[in-house]
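Colleague: Before we talk about any details, could you show me the model, so that I can ask how each label was reached?

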Amino acid sequence: MKIASFTHQGRDSYGIVSGDEIIDLHELKASIGQDLKQAIAGNRLVELSADSLAELPRLNLADIQFLPVITHPGKILCIGINYATHMRETGRETPVYPMIFTRFADSQTAHEQPILRPKASHKLDFEGELAVVIGKTARHVKEADALDYVAGYSCYNDGSVRDWQKHTIQFVPGKNFPQTGGFGPWLVTADEIPDPQTLELTTRLNGEIMQHTSTADMIFDVRKLIEYCTAFTELAPGDVIVSGTTGGVGAFREPQVWMKPGDVVEVEIASIGILRNTIADE
């Protein structure tokens with residue numbers, strides 16, 4: 001099942017993507033949740049039947065405005081240096097533990113919405129990543145059981161303002177400029193992706209392939225990330241783990257490549273879809 005958050009004629013909603021249409025679940029909000037995060041928390045989406053959906057309105061995808069998949073996640077935990085290819089291009093040694101930084105919910109943007117190049121810097125870089133959306137309260141989860149806590153997966157572009165990222169050893173400033181984190185286009189439920197380590201990930205800038213990898217190249221796979229994160233914090237339904245990027249980012253190219261207004265950046269992950277954003281100035 002593919003589920004997207006969106007707005008239509010001034011009303012926020014979410015629904016099930018079917019071809020080039022979306023089944024609007026707005027009429028069921030009172031029973032299944034006011035937004036996708038609530039619906040995940042209540043585990044109500046699994047109860048939807050063909051009969052319950054048959055009478056609901058369908059909207060053309062071209063007529064909606066996408067929202068970030070989870071519009072207000074309580075936690076967004078991002079993983080740095082988590083692909084062997086990216087580790088090598090940075091010159092770093094293999095990490096012993098996951099490198100974790102946070103992204104704020106209000107720094108996100110949606111599919112087909114602009115990523116903003118900030119006034120403070122023009123060194124705006126792309127990072128195509130797999131996003132993992134948590135499906136139920138998770139604390140002290142063992143690696144073997146970790147995927148049982150996943151609601152689904154999406155694409156993420158962890159847009160990075162590189163000079164601000166390097167101001168200190170902490171990444172947070174460079175990762176939280178407004179409207180720099182692309183999240184979408186939709187959530188693909190975990191039952192459709194039994195193994196998140198077999199997915200092909202590609203990032204394109206203006207049609208040119210900049211990053212291409214398999215998620216098998218992760219240093220810490222999704223299971224290990226969930227085990228590690230839930231050892232130090234409790235994850236709630238709708239929380240997001242952004243699992244890291246592969247080699248090929250603009251900062252380590254010769255010459256360096258920075259995204260500029262008018263550019264189109266796409267993150268495509270097999271079995272999920274394509275997250276597409278244009279670049280605009282703040």
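Colleague: What makes Asp 125 count as buried?

Modeller: In this predicted model, residues of which are numbered from 1 along each chain as its sequence is written, Asp 125 has a relative accessibility of 0%. Buried means under 20% relative accessible area, exposed over 50% and partly exposed in between, with a 1.4 Å probe and protein chains only, so Asp 125 at 0% counts as buried.

Colleague: How do you know that Asp 125 and Arg 162 meet in a salt bridge?

Modeller: The side chains of Arg 162 and Asp 125 come to 2.8 Å, N to O. A salt bridge is a side-chain nitrogen of Lys or Arg within 4 Å of a carboxyl oxygen of Asp or Glu, and therefore the pair Arg 162 and Asp 125, at 2.8 Å, satisfies the rule. Such values use heavy atoms without hydrogens or water, and in a predicted model local features need pLDDT of at least 70 and side-chain atom pairs pLDDT 80 or more, although totals for chains, interfaces and linings use all residues.

Colleague: Why is this pair said to tie parts together?

Modeller: Arg 162 belongs to helix H5 (residues 162–165) and Asp 125 to strand S10 (residues 124–125), so the bridge connects parts that are 37 residues apart in sequence. Both elements are DSSP runs numbered from the N terminus, helices (H or I) having at least four residues and strands (E) at least two. Arg 162 is itself called buried because its relative accessible area is 6%.

Colleague: Which residues are linked with these two in a network of salt bridges?

Modeller: The network links Arg 103, Asp 125, Glu 127, Asp 158, Arg 162 and Lys 175. Within it, the side chains of Asp 158 and Arg 103 meet at 2.8 Å, N to O, and count as a salt bridge. Asp 158 lies in strand S12 (residues 150–158), whereas Arg 103 sits in the loop between S7 and strand S8 (108–110), so this pair joins parts that are 55 residues apart in sequence. Asp 158 is buried because its relative accessibility is 0%, and Arg 103 is buried because its value is 2%. A search of the whole structure finds 15 salt bridges.

Colleague: What are the labels of the two partners in the salt bridge between Asp 263 and Lys 260, buried or partly exposed?

Modeller: Their side chains meet at 3.1 Å, N to O, but the labels are not alike: Asp 263, at 5% relative accessibility, counts as buried, while Lys 260, at 44%, is partly exposed.

Colleague: What makes Tyr 97 count as exposed?

Modeller: Tyr 97 is found in the loop between helix H4 (84–90) and strand S7 (99–102), and because its relative accessibility is 56%, it counts as exposed.

Colleague: What makes the backbone at Gln 179 worth a remark?

Modeller: Its phi is near 60°, a positive value in a residue other than glycine. Gln 179 lies in the loop between H5 and S14, and because its relative accessibility is 26%, it counts as partly exposed. Ser 271 likewise has a positive phi, near 75°, and is placed in the loop between S18 and strand S19 (273–281).

Colleague: Where does a cis peptide bond occur, and what is its omega?

Modeller: One joins Gly 184 and Pro 185, with omega about 0°, and Pro 185 is found in strand S14 (residues 181–189). The peptide bond from Glu 254 to Pro 255 is also cis, its omega being near -5°, and Pro 255 is in the loop between strand S17 (240–245) and strand S18 (264–269).
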